[in-house]
Amino acid sequence: MMNHQRPRNGDLSPGGAGRCTRAWVVLIVAALLSLAADLGSKWAAFRYVAGTPVVINREDVRRVYQQDARLVTTLIPDHRPMDAIPGVLQWQLVLNPGAVFGVGPGQRWFFVGFTGVALGFGLWMFSKWTGPRDTMAHIGIGMLIGGGLGNLYDRLHYGVVRDFIHPIPGVRWPSWLGPLGGKDVWPYVSNIADLLLLVGISILLWYLWKRDKAAQPAGAMA
């Protein structure tokens with residue numbers, strides 16, 4: 001019996017990207033653009049959304065942390081959210097003491113360490129797991145690295161993460177859904193870094209699916 005496998009596409013062969021200058025350029029450019037988009041959007045949001053610039057002082061954050069990490073929200077002045085797309089997207093300033101979607105408030109150094117490990121894993125994945133011409137995978141990893149660095153900068157510089165993006169504000173689950181009834185469908189406020197992380201993961205999942213599909217046997221002949 002002979003097994004006939006579909007020839008591997010050179011672009012989908014794992015490994016080798018770490019030795020390719022072009023792959024490194026794609027990765028670094030994607031990471032830098034992602035980092036610039038995150039930090040630039042945070043700067044603009046905290047300068048304009050509340051009507052007056054909102055300056056976050058690390059010493060104020062530390063003082064509040066000594067009482068309760070969740071009280072960092074009191075460092076943001078009361079302001080009316082700004083409608084980017086009415087009923088679909090709002091800008092609202094929030095300080096997040098935890099991870100994505102506010103998970104684990106007050107565990108700043110845990111998330112700093114976790115982010116460092118994740119960034120190292122991303123570089124390993126780029127070097128050993130992708131091929132020299134897997135451009136979309138390199139862009140996805142670059143987005144993960146850039147987004148991770150953006151939130152890492154906030155945690156190190158401010159002690160909290162600056163958030164401002166609130167999708168579908170005021171949209172609530174229907175009452176017949178029991179415990180969910182009347183609650184916001186999406187109560188979380190996030191930032192560009194979080195969006196980059198989600199998009200980057202989606203790109204890598206698509207890349208995995210495509211690579212696995214290309215590696216499947218085309219059929220067998222007796």
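**Group meeting: a walk through a predicted model**

Let's start with a pair of strands: E3 and E4 run antiparallel to each other, and six bridges link them. One of the residues to find there is Val-94, whose bridge partner in E4 is Asp-163. Is E4 enclosed or open? Six of its seven residues are buried, so the rest of the structure largely encloses E4.

Before I go on, please keep in mind that this is a predicted model. The mean pLDDT of the protein chain is 84, and 84% of its residues get to 70 or more. Which elements have the lowest and the highest mean pLDDT? Strand E1, residues 2-5, is the lowest at 43, and H1 is the highest at 97. There are a couple of stretches to treat with care. Over residues 1-12 the pLDDT stays under 50, and the model has 25 contacts beyond four places in sequence for them. Residues 99-106 also stay under 50, with 20 such contacts. Where pLDDT is low, we shouldn't read the predicted coordinates in detail.

Okay, the overall layout. The protein chain has five helices and five strands, and going along the sequence you read β-α-α-β-β-α-α-β-α-β. Of the 222 residues, 37% are buried. If you take contacts between residues at least 6 apart in sequence, 73% of them join residues at least 24 apart. As for the surface, the protein chain exposes about 12,900 Å², with carbon and sulfur atoms supplying 64% of that.

Now the inside. The largest nonpolar core has 20 residues, and the ones touching the most other members are Phe-46, Ile-56, Ile-76, Leu-93, Leu-95 and Val-160. Which elements give two or more residues to this core? They are helix H1 (21-48), helix H2 (58-65), strand E3 (89-96), strand E4 (161-167) and H5. Zoom in on Val-160 for a second: leaving aside residues up to four places away in sequence, Val-160 touches Ile-56, Val-61, Tyr-65, Val-72, Leu-95, Asn-96, Pro-97, Asp-154 and Arg-155. Apart from that core there's another one, made of 16 residues, including Cys-20, Met-125, Trp-129 and Ile-141.

Next, aromatic rings. The count comes to seven aromatic pairs. One of them is Phe-121 with Trp-124, a stacked pair at 5.7 Å centre to centre with 25° between the planes. Where do these two sit? Both are in helix H3 (residues 108-129), and because they are three residues apart there, about one helical turn separates them. Phe-121 counts as partly exposed, at 48% relative accessibility, and Trp-124 is partly exposed with 48% as well.

Another pair is Trp-129 and Tyr-207, this time edge-to-face, at 5.5 Å centre to centre and 80° between the planes. Trp-129 belongs to helix H3 and Tyr-207 to helix H5 (residues 192-215), so this pair ties together parts that lie 78 residues apart in sequence. Are these two buried or exposed? Trp-129 and Tyr-207 are both buried.

One last detail to look up on your screens: Ile-168. Its phi is near 35°, which is a positive value in a residue other than glycine. You'll find Ile-168 in the loop between E4 and H5. With a relative accessible area of 31%, Ile-168 is partly exposed.

How values were computed: Residues numbered from 1 in each chain as written. Predicted model: local features only at pLDDT ≥ 70, side-chain atom pairs only at ≥ 80, totals over all residues. Heavy atoms only, no water. Phe/Tyr/Trp six-rings, centres within 6.5 Å; stacked < 30°, edge-to-face > 60°. Helix = DSSP H or I, 4+ residues; strand = E, 2+ residues; numbered from the N terminus. Buried < 20%, exposed > 50% of the residue type's maximum accessible area, 1.4 Å probe, protein only. Core = buried A, V, L, I, M, F, W, Y, C linked by side-chain atoms within 4.5 Å. Contact = heavy atoms within 4.5 Å. Pairing = 2+ DSSP bridges. pLDDT = per-residue confidence, 0-100. Areas by Shrake-Rupley, 256 points an atom, 1.4 Å probe, with all protein chains shown as cover.
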